[in-house]
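User: Please take a close look at a single strand and its surroundings. I would like to know how it is covered and what it pairs with.

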Amino acid sequence: MLNRLKKKMLTAVALDQPALPSPGAGPYNGADGGRSGSGRDYDPATGKRLPKKFQYARPPFLQLLTHDELKASADHNVRPIIVPRDIALLPWTTGYAECVNSGKSKWNEDQAAFHRQVLTHPSKQYHDLPYTYFGIFDGHAGYGAALAASIQFHYVLHEKLVDVIDLLVPRVECEVRSAPPDTLLMHPSLFHKQVSKDELIVGALESAFADMDAVLAEDRNKYRNAGGCTALVALFILGKLYVANAGDSRGVLCKRVRRRKHPRFTGVGANGEADTEAEAPAQQRQEQHQDQEQPSEGTAGEDEYVVIAEPCSFDHTPDTERPRLLTVGSQNPALLGGEYVAMEYAKKPTTKDLGARILYRQGAMRGWTYKTLTAADLKIPLITGTGKRSRLLGTIGVTRGFGDHDLKALGSNLPIKPFLSPHPDVVCFDLAQVQPTAGPEDACGYDGDYGLLVMATDGLWDVSGSQQVANAVFGTLQRFPHERHRYTMVAQELVARSRGRANESGHWRMSDSRTAATVDDISVIVIPVYQYYREYCKWTQTVATARSTCNQQQPTTTVVVPAAEEAPASGAGVVMAATGNGDTAEPPEEEAQEAENNLNTINLVAPPPPKGAPLGLADALPAK
């Protein structure tokens, strides 16, 4: 009897932890348990187990180099919060923190990456263009896809940006004049459509997402099954912030501004023009904001400020993407295998309702209509559940991302990949349009005006709303306005709040000891956007000066960046212009205008090339 009791105790599953699937019943297993067939763990020809493409590791900037350190970081009982040992490894003293799940997988399946690159044209006819990329990837059914994306995606993105470098930056005029004719790109006859720089960068991101998914597809027969992952990417280039998302990770720009009209995100619409708000289905936007409180107003001496959470992405779940998924199912009945129905009902139908009229909708329908219920309508709905609990084919709760090429529906052999998509939603924010309101007395400095970009996996958002996160961000910054690790402290605070604490029963609970904390992996990046904008202003000054040297008749235009205590080479020290030096710092409004003037000088006022010299492709772009 004691042995039976002991066995029951050892096999008991905690209330807030998912039960382990039985052998051979996982979503990546076919009728043979997933041990044969292409793209699985074993080579179908030799029967030998395929190698892993990459060995498990954490992001390089965490410097967890030994197996013991990796093992300690994956302790499910302690769930330690891991932060970088050296903040100088991340640009702009960006903050990062992570912690492992409470036991649903052996390793932390989240991954993060950043890269600072320079686009250089092989012909040297164009100015070098620096950019910075951050990525966060949430893996499922293994860490392989997220790890591969964190290592390989930036190479794919770099290639896409190199392809359009001659359309993004101005030519070096003095070098062009001395270049042989055969090295010059011929001017296109005419563009039949207007092409903006925003569309070029958005296109580079979209095609990079598709190519990364294709890379994982090609690896199926060479490496062990990698599972899948979501992808959230931030790209800082040409004075703008682009955020691309595929999945349920989320990016939020946290601002603290005076009570006045503030700039909104703009997306690239179907006509190529910048929209006043990112184009996203109204249903997605409504679902995204259901968990958000009203903007937080200051108290006492801070009544003039308001904290705002600007959405940079929209979650892709079966519920938010219901119209697209139902359309795919209704147009491809073979994908349903005769087991599912691509319809949504206002009331769950039963056999008692056969022959009765019932409200339903299918495909891209936004409204409801009646139909007579038949036996075929009683099949399993393609999408079950609502919100974060919604599932596609009863199996997966995320509908965009990388990988999942061998994912099969639970209880059947139906492939799920045809319903999934790697295509991201991309939003753009023009930093030159920000109108700073921060004064010398503001402890948050220009971080409040330009915002802190919080990128995190769903481990954070499952238990924290966007507005809650924004409030926590500036609450921490106000307590430590001059701490050089302040952005890391913000990330650590966000992770700690979502992780909660383990009670006597070993269940993780929030600070109120009642609400269940997240049991998922948590990864958070906190990026000070203003620090990038300062770098960009200096770059425009450098380019303008270089062109002035080549063309003496063109006056030099300078940019005065607001005086701030420069960060030492090691990354230590305060890097924000938070507390003044108002006598020497030019107002940010003038800084933004100067940067815009420099871009106009670079792109529009360049002298014409010598007579007979062919023009570059950049000359065909419309003026921005």
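Analyst: What follows is a walk along strand 4 and its partners, with a few other sites after that. The model is predicted.

Start with the strand itself. Strand 4 covers residues 228-237. It is mostly covered, with 10 of its 10 residues buried. A residue counts as buried under 20% relative accessible area. Side chains in a regular strand alternate between the two faces of the sheet. In strand 4, G228, T230, L232, A234 and F236 point one way. C229, A231, V233, L235 and I237 point the other way. Both sets are buried.

Now the partners. Strands of a sheet pair through backbone hydrogen bonds, in a parallel or an antiparallel sense. Strand 3, residues 129-140, pairs with strand 4 in the antiparallel sense over 9 bridges. Here G139 stands opposite C229. Strand 17, residues 402-403, is joined to strand 4 by 2 bridges, and these two run antiparallel. G403 of strand 17 stands opposite G228. Strand 5, residues 240-246, pairs with strand 4 over 7 bridges, again in the antiparallel sense. Y242 in strand 5 is the bridge partner of L235.

The link between strand 4 and strand 5 deserves a look. They form a hairpin with 2 residues between the strands. In that hairpin, L238 takes a positive phi near 55 degrees.

Next, the empty space. A search of the whole structure finds 5 cavities of 30 Å³ or more. The largest has a volume of about 50 Å³. Its lining has 13 residues, and T399, R400, G401, D404 and L420 lie nearest its centre. By class, that lining holds 5 nonpolar, 5 polar and 3 charged residues.

For contrast, take another sheet. It is open, has 3 strands in the order 11-12-13, and its pairing is antiparallel. Strand 11 (344-345) and strand 13 (369-372) stand at the edges with a single partner strand each, so one side of each lacks a neighbour in the sheet. Strand 12, residues 357-361, is joined to strand 13 by 4 bridges. Y360 stands opposite T369 of strand 13. The ring of Y360 also has the charged end of K371 over it, 5.6 Å from its centre.

Another charge sits over a ring elsewhere. R79 lies over the face of W508, at 4.9 Å from the ring centre. Aromatic pairs number 21 in the structure.

How values were computed: Residues numbered from 1 in each chain as written. Predicted model: local features only at pLDDT ≥ 70, side-chain atom pairs only at ≥ 80, totals over all residues. Heavy atoms only, no water. 1 Å grid on protein atoms, 1.4 Å probe; cavity = no way out; pocket = protein on both sides within 12 Å on 5 of 7 lines; lining within 4 Å. Points joined across faces, edges and corners; volume = space filled by probe spheres on them. Nonpolar A, V, L, I, M, F, W, Y, C, P; charged D, E, K, R; others polar. Phe/Tyr/Trp six-rings, centres within 6.5 Å; stacked < 30°, edge-to-face > 60°. Lys NZ or Arg CZ within 6 Å of the ring centre and 35° of its normal. Pairing = 2+ DSSP bridges. Buried < 20%, exposed > 50% of the residue type's maximum accessible area, 1.4 Å probe, protein only.
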